[in-house]
Amino acid sequence: MSKIEGILKTRRDFYAFLCRMYLEEPARELADDLVNGRIFLPDQRALELNADLSAGFRELREFMEKCKGKTVDELQEELRDEYTRLFILPHGHSVQPYESWWIDGKLMGSSLLKVKSEYREAGIAKSRDYPELDDHIAFELKFMQYLCEEELSATDNNERIVECLNLQKEFFDEHLLKWVPAFCDGLYEWETSKFFKSIAKITKGFILLDAHVIGELLETV
């Protein structure tokens, strides 16, 4: 495996992990993974590149240690209750996971239309199986994961890799960097458990780190 391919796989795995954290109410499978220590944990060297990333995974490990004495059903119920309180309760009493909320000050603002346009230009669309709006953080992370997959499938085609990296850089500059760090700060500061605090730190740290990684990859390829 080449160095660049390894970086692309690590980025893909990170986006898949983060998307899973926000996409829906925590499933029993997630609770089972937490209780039994099967959650994705990156190489320690990667964590040293960003303080938020390092702190987030440290807090996640601490949370997983405390989970060992709980049943899977008990933990799932706790996580689902908290997910509802954080992301689903009426506006003003939760941390809204939508770009429009943070950029436009309301749901379904102009930012949503811009995000949908970005998806269309890339030739993809959100599945109708999920009722959330297209500017939900999970879908924006999923879009980045998709582009990472596209890069990995084109490892012998530098032109396609550069195309995908440019799409990611544009999406970062126009969307993710403008609201996700603030969203993560709001989520971390909310009265919440160690689990979602750790996810907030990890998300912010990785987003800020990956912005630099994309630039370095564009210079390399």
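In this predicted model, histidine 136 touches Tyr22, Tyr83, Pro97 and Tyr98, once residues up to four places away in sequence are set aside. The histidine itself sits in a loop, the one running between helix H7 (110–121) and helix H8 (137–152). A loop position might suggest plenty of solvent, but histidine 136 has a relative accessible area of 1%, so it counts as buried.

Histidine 136 also turns up in the wall of a cavity. A search of the whole structure finds one cavity of 30 Å³ or more, and its volume is about 30 Å³. Tyr83, Phe87, Ile88, Pro97, Tyr98, Glu132 and His136 make up the lining. Of these residues, five are nonpolar, one is polar and one is charged. Tyr83, Pro97 and Tyr98 thus appear twice, as contacts of histidine 136 and as part of the cavity lining.

Aromatic rings come up again and again in this fold, with 18 aromatic pairs counted. Take phenylalanine 17 and phenylalanine 57: their ring centres are 6.1 Å apart and their planes meet at 25°, which is under the 30 degrees that marks the limit for stacking, so this pair is stacked. Phenylalanine 17 belongs to helix H1 (residues 3–22) and phenylalanine 57 to helix H4 (residues 51–67), so the pair ties together parts of the chain 40 residues apart in sequence. Both partners are tucked away: phenylalanine 17 is buried at 7% relative accessibility, and phenylalanine 57 is buried at 0%.

Tyrosine 119 and phenylalanine 143 give a tilted pair instead, with 5.1 Å from centre to centre and 55° between the planes. Here the link is between helix H7, which holds tyrosine 119, and helix H8, which holds phenylalanine 143, across 24 residues of sequence. These two rings are buried as well, tyrosine 119 with a relative accessible area of 4% and phenylalanine 143 at 2%.

Ring pairs also build a cluster, made up of Tyr22, Phe63, Tyr83, Phe87, Trp102, Trp179, Phe183, Phe195 and Phe196. Two of the names are familiar from histidine 136, since Tyr22 and Tyr83 are among its contacts. Tyr83 and Phe87 from the cluster also help line the cavity.

Tyrosine 188 has charged company. The charged end of lysine 197 sits over its ring, 4.6 Å from the centre. Lysine 201 lies over the face of tyrosine 188 too, at 4.8 Å from the ring centre.

Back at the tilted pair, both tyrosine 119 and phenylalanine 143 help line the second largest pocket, which holds about 200 Å³ of space. The rest of its lining consists of Cys19, Leu23, Ile124, Ala125, Lys126, Ser127, Tyr130, Phe139, Lys142 and Tyr146. Helix H8 gives the most to this lining, with four residues. By character, the lining splits into nine nonpolar residues, one polar and two charged.

A last link involves glutamate 5, which is found in helix H1. With a relative accessibility of 22%, glutamate 5 is partly exposed. Glutamate 5 and glutamate 151 are 146 residues apart in sequence, yet their C-alpha atoms are 8.7 Å apart in space. Neighbours within four places in sequence aside, glutamate 5 is in contact with Leu152 and Thr155.

Terms used:
Residues are numbered from 1 along each chain as its sequence is written. This is a predicted model: local features need pLDDT of at least 70, side-chain atom pairs count only at pLDDT 80 or more; totals for chains, interfaces and linings use all residues. Side-chain values use heavy atoms; hydrogens and water are left out. Helices (H or I, at least four residues) and strands (E, at least two) are DSSP runs, numbered from the N terminus. Buried means under 20% relative accessible area, exposed over 50%, partly exposed in between (1.4 Å probe, protein chains only). Contact means heavy atoms within 4.5 Å. Rings of Phe, Tyr and Trp (its six-membered ring) pair if their centres lie within 6.5 Å; planes under 30 degrees apart count as stacked, over 60 as edge-to-face and the rest as tilted. A charge sits over a ring if NZ of Lys or CZ of Arg is within 6 Å of the ring centre and within 35 degrees of the ring normal. On a 1 Å grid over the protein atoms alone, a cavity is a set of points where a 1.4 Å probe fits but cannot get out, and a pocket is an open set with protein on both sides within 12 Å along at least five of seven lines; lining residues have an atom within 4 Å of a point. Grid points are joined across faces, edges and corners, and a volume is the space filled by probe spheres set on the points. Ala, Val, Leu, Ile, Met, Phe, Trp, Tyr, Cys and Pro count as nonpolar, Asp, Glu, Lys and Arg as charged, and the others, Gly among them, as polar.
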